[in-house]
Each structure stands twice: as structure tokens, then as C-alpha cells.
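This briefing is for a reader who has not seen the structure before. Please look at the sequence and the model first, then go through the points below.

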Amino acid sequence: MSGNTVVWQVLLFALLLFFCSVRGQVSYSIPEEMSKGSLVGGIAQDLGLDLKRLKSGKARIYTEDSTEYIELNKDRGVLLIKERIDREMLCGQRTPCALHFQIILENPMELYSVTVEITDVNDNPPSFERSEMKFEISENAAIGARFMLEIAVDPDVGTNGLQTYTLNPTKHFQLKLNQQPDGGKIVEMVLQKSLDREKQEDMTLVLTAVDGGEPQMSGTVKIHVNVLDVNDNAPVFTQQIYKVSVKENSAKGTHLTTVSATDADNGSNNILTYSLSRSAASISDMFSVDTRNGEVTVIGQLDYEKARNYQFYVEGKDEGGLLDSCKIIVDVIDVNDNSPVISTISKSSTTAEDAPLHTVIAMISVNDPDSDNNGQVSCSINDNIPFAIKPSSNRFYSIVTDSELDRETNSAYNITVTCSDEGVPSLSSHADLSLKITDVNDNAPVFERSYEASVLENNTPGLSIFTVTARDADWNQNARVSYILEDSSDNGVPMSSYVSVNAESGVIHAVRSFDYEQVKAFTFHIKAQDGGSPPLSSNVSVKILIQDQNDNAPQVLYPVHTSGSLVAEIVPRSADVGYLVTKVVAVDVDSGQNAWLSYKLMKASDRALFEMGAQNGEIRTIRQVTDKDAVKQKLTVVVEDNGRPSRSATVNVNVALADSFPEILSEFSDFTHDKEYNDNLTFYLVLALAVVSFLFIVSIIAILSVKCYRWRRDRMFYKSNGNLPVIPYYPPLYADVGGTGTLQHVYNYEHYRTTDSRKSDLKYVRPCNQSIISLDNTEIQTLPHARNEKLIDDSDDQVRVLE
């Protein structure tokens with residue numbers, strides 16, 4: 001064995017250990033003709049496999065030619081005879097004769113090679129192709145003349161094959177066996193006693209072929225000899241052996257060689273006829289020889305893979321019956337006429353996209369019956385796919401994953417295996433494998449964008465606002481997206497009280513009716529979660545803008561009206577034209593043009609005296625105040641916003657035209673009292689006490705309810721106006737050129753009066769360090785700074801003076 005051969009064997013063995021696809025090899029030897037169901041061997045025990053592994057791995061036998069003589073019993077773990085095996089039919093004369101097959105296991109894929117040698121039994125006797133042979137021999141044939149006999153054929157081999165021949169009777173002829181260099185035998189009948197046609201014209205002999213088996217078997221053929229008249233010179237070939245070479249697949253009629261023989265006789269005894277010898281009957285359908293010129297030609301289909309060499313004999317015979325023979329050796333030259341044969345041993349139709357690298361997805365075997373380079377095969381697969389083909393052992397290949405798989409990029413692959421030999425020209429074969437990639441939940445849902453939407457306030461609860469959409473690149477259940485509103489709050493208010501989301505469609509609904517004055521905008525998050533295991537998710541920010549509607553009327557901040565009281569502005573009679581009487585201050589909690597306010601003087605006691613600033617709410621005089629003008633002036637102002645439809649508020653402004661405080665009191669307060677006392681005062685006082693007691697209890701309950709209600713309303717109003725500009729709550733302080741104007745301080749007066757008395761009490765509260773003074777109907781003290789404007793209670797309950 002050469003060094004290169006050893007190196008290649010070591011490399012192949014290393015590859016075998018690396019890929020672990022072919023785990024082991026076991027051999028058995030059985031005789032042919034065993035009955036069906038006979039035991040071949042305990043394969044599970046010999047391979048070291050568990051019976052459970054045989055079942056779970058779906059163990060099966062793979063043969064290249066799909067002919068199964070052996071079957072696997074997975075329950076017992078043994079190999080049994082499936083079909084009767086005839087060694088002669090299976091292998092002919094080839095020795096040793098063996099069956100080669102593989103045992104395939106899956107999950108994981110494993111391959112074991114098994115060789116079963118078929119030994120010969122002596123079940124075939126030697127036989128001759130013909131039942132008799134005929135010879136015509138001249139009577140003067142020389143002693144020692146040789147006559148080639150047809151050889152017998154025994155399909156058995158070894159000692160069971162053909163061993164020897166016997167010839168009876170042996171009076172004139174002797175049997176001679178000649179051993180050839182190639183191991184074959186030539187059987188010749190040698191004349192050992194002269195023939196005499198006149199004594200015996202015909203002879204019959206029996207040739208017996210005997211094998212060496214137990215029991216011994218034999219076959220016979222009759223030899224008829226016809227003695228001819230004298231022809232004393234036999235033909236002689238110029239060469240005893242002719243050796244030629246021819247390519248397989250050569251066309252019929254291809255010339256091989258021309259044999260030639262000479263005969264020293266003259267006349268008709270010199271005319272020679274060429275023919276194939278009787279021993280070459282088996283190749284008579286492959287070659288022929290021209291009977292006249294000895295040209296040997298091809299008449300059949302030569303196939304190097306079936307027979308690489310042919311040997312046969314050609315006889316040259318004269319008309320006198322003498323003959324000679326020569327040997328023809330034909331070597332068939334291999335031609336690359338066979339493409340590699342690809343057989344799929346095992347394959348997976350699907351694999352997960354997260355399959356690890358080098359996962360085996362298919363195993364194939366490749367066979368090229370050509371020889372040398374013509375039979376050397378290399379395999380490859382198509383480019384740009386995440387797979388590779390690697391040899392696992394001689395003639396076996398594994399297709400494995402070579403990089404990461406991604407079902408979202410490619411959900412299926414068509415793998416084309418191309419196997420080419422090294423012949424010239426090279427021949428190749430193709431095999432296609434289809435593989436589907438199963439999905440793994442490796443992609444989270446992805447939202448197309450962030451979302452922002454607007455909703456008009458005062459919407460109907462349950463209103464569909466818009467739809468969020470997330471896409472998941474996975475498939476089936478892994479791509480089924482559910483939408484979830486994440487827990488969050490806005491100023492302590494949970495988002496679930498604002499909106500809800502449909503888990504299937506992603507439609508966002510308003511849970512409540514929104515109020516722009518309370519909530520102008522809010523942001524929440526929607527989570528998209530797929531149905532994989534474990535689930536993957538992502539979230540998106542959603543911003544909702546509340547659009548304002550003109551649903552709030554303007555609110556007058558100044559002048560302020562309380563129950564049973566009013567505000568009066570004091571204007572001196574010496575006021576010039578354009579004197580600023582007061583300024584109406586209003587606010588609208590709406591926004592935009594809904595909050596743009598305009599002021600209009602709707603009603604006035606004297607329209608010729610006052611005018612209203614449409615934008616700033618200022619009330620000014622438009623002429624000089626005269627003595628004819630009434631002290632008490634009442635103005636009605638309408639504040640209107642710019643919404644559609646517009647909303648408005650109305651406020652009454654009381655103006656006192658006076659230069660002194662007593663003048664104001666006399667005009668705005670009715671101090672006349674009845675001089676007569678009610679005689680029934682005692683009765684009414686008792687009745688009033690009972691009523692007041694009852695009303696007191698009811699009032700306490702009502703006051704508590706009202707206080708709670710106002711507290712909640714004020715709190716809501718405070719929240720809704722958190723972003724409005726702060727307008728100070730105090731009377732406007734205006735400076736006048738002439739030194740006149742609204743008072744800079746606030747004075748509180750409490751005035752008490754009975755219905756039957758002209759006596760009244762008036763309490764005055766001064767700012768800061770000023771003390772409270774009282775007035776009655778007989779004495780009115782001069783108040784500090786009383787010359788300035790005063791605010792007088794028109795309902796006789798309370799008088800407030802602003803200074």
C-alpha cells in the first residue's frame with residue numbers, strides 16, 4: 001500500500017469522526033438459500049443500541065438499489081432474512097459476495113454500515129451449453145492431434161465449483177486439461193490411437209464435468225466423432241494470442257483485429273473457415289468473426305461497468321476437418337458515460353429558524369460506476385443559502401446549516417445538490433430538496449409611528465378616536481397582536497378612566513366626555529404584545545389633544561355681585577368728559593376665539609352720559625355731569641365671547657353722581673320708618689321665634705349642602721383656570737387728572753333698621769387701624785375721606801365705601 005493511500009484513509013477516518021454521521025460498521029456471514037425469517041444477527045447488541053433508540057429513531061434499512069434481502073426487526077433488534085438469497089444470481093462468479101446496506105436513525109440522524117457476506121453452498125451442478133458436440137476427424141489424423149472441447153459452467157464458486165473432467169471411453173482419445181495463466185482451463189481431446197474410417201466411421205464419447213462440493217455433483221455431454229478421409233495437415237494460426245483494446249460504447253461493427261491461419265494442404269483441404277470456438281458461446285452476442293477473412297468485430301454493446309475484459313477463442317478449420325485455435329483478449333477502456341447517481345437517505349422537510357449551526361437536515365449517497373477519475377465525485381449546493389454540504393464518509397454527504405436562519409427573510413428553501421465527476425468531459429447530476437423554515441417568536445410587534453389625535457370636548461363616551469396598528473413579522477400565533485393600555489395617570493387620574501383600547505383591533509375609545517377646561521391634553525402608552533411563548537411586546541406613546549368648544553359663558557370678575565348687595569361707583573359731579581367710571585373685568589375659561597370678549601352697554605339710565613369700551617370694558621363719561629342728572633344711575637353691560645354660537649353674561653353697574661357721602665346715603669337708603677308700632681308685635685315675635693327656630697335647623701342643613709357644593713365647584717373652577725392669567729380681585733384704581741376718582745380703600749357699613757322705628761344703626765369698619773363708628777337718624781358723623789367716591793348698599797342691608 002502506497003503512502004498516499006494511507007494518508008487518504010487517515011483523512012477519511014478523521015472526517016468520519018468529525019461529522020459523526022456514520023457511527024460504526026458491523027459484518028455478518030451467512031450461507032445462501034436460507035429460509036425467509038432466518039436470523040442473520042443481533043444488530044442492536046452488535047452496534048450497542050437500545051431497542052428504544054431503534055423505535056424512537058425510526059430505524060430503517062437503506063440500500064442503493066432498493067432491493068431488500070434483509071429486514072430489520074425493531075422489536076427484537078435483530079436482522080432477519082426477508083427474501084431467499086441466491087448467491088449466483090446476486091454475484092455470479094464474483095467473490096467474495098456480500099450485501100452492503102446502511103441502517104438509518106433519525107432524531108438525531110445516524111448511519112451505520114452493515115456488510116453481510118453470502119457464502120456459497122453446492123446447489124448447482126456443472127452444465128454444458130449444448131447437449132452434444134460433433135467432430136469430423138480425418139482418419140489419418142496424427143497421434144497427438146488435439147480437439148478443443150466445450151467447457152462446462154458451474155455457477156458455484158470455490159470447492160463447490162467445477163473441479164475436473166472425465167472422458168469415456170478412452171480407447172482412441174485421451175482427455176487433457178491445460179491450465180491458463182489467467183486461471184482458466186482448456187479442455188482438449190487428444191488422439192492417442194490412429195483412426196481407421198474403414199473400421200469405425202462414427203464414435204460416441206461421454207464428457208463428464210465434476211465439481212468438488214458435498215455431495216458431489218456432475219454434468220455430461222455427448223461427443224460424436226465422424227471419421228473423415230485423409231487430410232493430414234491442420235491449419236496453424238500466425239499468433240496464438242491476439243490482444244486488443246476498445247472503448248466502451250463503441251459502435252456496432254467496430255473492427256477489433258483480424259486473425260490469420262495457414263494450411264499446408266492444397267486444394268479444398270487448404271480452404272479455411274473461421275468461427276468462434278464452442279467455449280466462446282457466451283460472448284457470441286458481443287463479438288463476431290468473418291468466416292472467410294477472420295476479421296473480428298463488435299456486434300453488441302460494450303459496457304465497462306459490466307465487464308472490463310473479454311477472452312474467447314477463434315478456430316480456423318479446413319475442409320478436411322482439421323483445425324487450430326487462437327486466443328482473443330479484449331480490454332474494454334472506460335469512458336465517462338455515467339453521471340453520478342444521487343440517492344436521498346434521509347431528509348427533514350422542516351426545521352426551526354433557531355436551529356443551531358451544523359444541524360443536519362439531509363443525508364445523501366452518491367455513486368458513480370465509472371472508474372478512476374471518471375468515478376471521482378465532488379458535490380456542491382447552490383450559492384447564497386445558509387446551508388453547506390459536507391462529506392461524512394465515502395460516498396455519503398450531509399447537508400447542514402451553515403449560518404443563522406430567519407423565516408421572516410426566507411420561509412422556504414429549494415436546495416439543489418449538484419454532483420460532478422472528474423471525467424473529461426465532466427458529467428453531473430442534480431437533486432432538489434425542499435425545506436420549510438418554521439417560525440420562532442423572535443420579532444416583537446412594531447408600531448408604524450407615534451400617534452397624536454384631537455378630540456372635541458363634550459364628546460360622547462365610547463367615541464372611537466382612532467386606531468393604533470402594530471405589525472409583527474412572525475407568523476401565525478406568533479404574529480397575533482393584542483393591544484393593552486399601560487397603567488399610568490395624569491394628575492392622579494388613571495388613564496383607564498380617560499380611554500380604552502380594543503385588544504384585537506387597536507381602536508382607542510373615549511371612556512368619558514372630555515372637558516377642555518379641565519384637561520387640555522394627556523399622553524398615555526399602548527403596549528402591543530404578540531401571542532408567542534414567551535410573548536414579545538413594544539409600546540408607543542399616544543397624545544390626545546382636547547379641542548375647545550364654546551361651552552362656557554364669560555364670567556364677570558368685577559363688579560362682583562353677592563346676594564342682596566350691589567356695587568356702586570361714585571362719580572363726582574365735577575368729573576370731566578372721559579372720566580373713567582369703572583372697568584368691567586370678565587374672563588372666559590374657553591380658549592382661542594371662544595375666549596375673545598367684547599363689551600357692550602346694553603341699557604343705561606342715561607345713554608347720553610356714559611360710553612362703553614368694546615374691547616377693554618372701560619365705562620367713561622361722554623359729557624359733563626350736570627345738576628339735572630339723577631344721583632342714582634344704573635347701567636346694564638353685556639359681555640359676549642366670539643364663539644359660534646356666542647355666549648354672553650350680563651352685569652349691572654350702579655353709579656352714584658354725588659360729591660358727598662350724605663348725599664349718597666339719602667339717595668340710596670330709605671330711612672323712613674313707620675311711627676306707629678305694631679300692637680301685635682308680641683304675637684309676631686313669638687310666631688317669628690318658632691318659625692326662625694324651624695328655619696334655623698333647615699338652614700344649617702342647607703348651608704352645609706351649599707358649602708360642600710360651592711367648595712367642589714370652586715375647586716373644579718380653580719383647576720380649570722389653572723392656566724388662565726390671574727386677574728386681581730380688587731376694584732380698579734384709576735388716577736384722574738383733576739384729582740378725583742375711585743376711592744383707594746374699602747369701608748364696610750352694616751345698617752340695621754326695624755319696620756316700626758325711625759331709629760337705625762350703622763356700623764363702619766375702617767381699613768387697618770381705623771375704628772368702627774355708628775350712626776343713627778339724629779346724628780351723622782363725618783367720615784374720614786368721605787369726600788371721595790363711596791359704595792352704598794341699595795338694599796339697605798350693607799353699604800361698602802371704596803376709597
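A nonpolar patch of about 690 Å² lies on the surface, made by Phe683, Tyr684, Leu687, Val691, Phe694, Leu695 and Val698. The model is a predicted one. The points below cover this patch, the salt bridges, the contacts of one asparagine and a small sheet.

**Surface patch**

- One of the patch residues, Leu687, is placed in helix α6, which spans residues 681-720.
- Leu687 has a relative accessible area of 43%, so this residue counts as partly exposed.

**Salt bridges: overall**

- The count of salt bridges in the model comes to 15.
- Arg87, Glu88 and Asp120 belong to a network of linked salt bridges.

**Salt bridge Glu68 and Lys82**

- Glu68 and Lys82 form a salt bridge in which the closest N and O atoms are 3.2 Å apart.
- This pair connects distant parts of the chain, with the two positions 14 residues apart in the numbering: Glu68 sits in the loop between β3 (60-62) and β4 (70-73), and Lys82 in the loop between β5 (78-81) and α4 (87-91).
- Glu68 is partly exposed at 31% relative accessibility, and Lys82 is partly exposed at 27%.

**Salt bridge Glu150 and Arg130**

- Between Glu150 and Arg130 there is a salt bridge, with the closest N and O atoms 3.3 Å apart.
- The two residues are 20 residues apart and link distant parts of the chain: Glu150 is in the loop between β9 (146-148) and β10 (162-168), while Arg130 is in the loop between β7 (110-119) and β8 (132-138).
- Glu150 has a relative accessible area of 2% and is therefore buried, because buried means under 20%.
- Arg130, at 36% relative accessibility, is partly exposed.

**Salt bridge Asp439 and Arg407**

- Asp439 pairs with Arg407 in a salt bridge whose closest N and O atoms are 3.0 Å apart.
- Asp439 lies in the loop between β31 (428-438) and β32 (446-447), and Arg407 in the loop between β29 (396-401) and β30 (412-421), so the bridge ties together parts that are 32 residues apart in sequence.
- Asp439 is buried, with a relative accessible area of 17%, and Arg407 is buried as well, with 12%.

**Contacts of Asn441**

- Asn441 is placed in the loop between β31 and β32.
- At 13% relative accessibility, Asn441 counts as buried.
- The side chains of Asn441 and Asp530 are joined by a polar contact of 3.2 Å.
- The Asn441 side chain also reaches the backbone oxygen of Pro534, at 3.0 Å.

**A three-stranded sheet**

- Strands of a sheet pair through backbone hydrogen bonds, and the pairing is either parallel or antiparallel.
- One open sheet has three strands in the order β17-β21-β20, and their pairing is antiparallel.
- The edges are held by β17 (255-258) and β20 (287-289); each has a single partner strand, so one side of each has no neighbour in the sheet.
- Direction ignored, neighbouring strands of this sheet are turned by 20 degrees against each other on average.
- Strand β21 (residues 295-298) is joined to β20 by three bridges, and the two run antiparallel.
- Phe287 stands opposite Val298, which is in β21.

Methods. Residues are numbered from 1 along each chain as its sequence is written. This is a predicted model: local features need pLDDT of at least 70, side-chain atom pairs count only at pLDDT 80 or more; totals for chains, interfaces and linings use all residues. Side-chain values use heavy atoms; hydrogens and water are left out. A salt bridge is a side-chain nitrogen of Lys or Arg within 4 Å of a carboxyl oxygen of Asp or Glu. Helices (H or I, at least four residues) and strands (E, at least two) are DSSP runs, numbered from the N terminus. Buried means under 20% relative accessible area, exposed over 50%, partly exposed in between (1.4 Å probe, protein chains only). Patches are made of residues with over 30% relative accessible area and no salt bridge: like charges are joined within 9 Å, nonpolar side chains (Val, Leu, Ile, Met, Phe, Trp, Tyr) within 5 Å. Accessible areas come from the Shrake-Rupley method with a 1.4 Å probe; for residues, only the protein chains shown count as cover. Two strands pair if DSSP finds at least two bridges between them. Axes are lines fitted to C-alpha atoms, for helices over the stretch in contact, and angles run from 0 to 180 degrees between N-to-C directions. A polar contact is a pair of N or O atoms within 3.5 Å; within protein, one must be able to donate a hydrogen and the other to accept it, and residues adjacent in sequence count only if both atoms are side-chain atoms.
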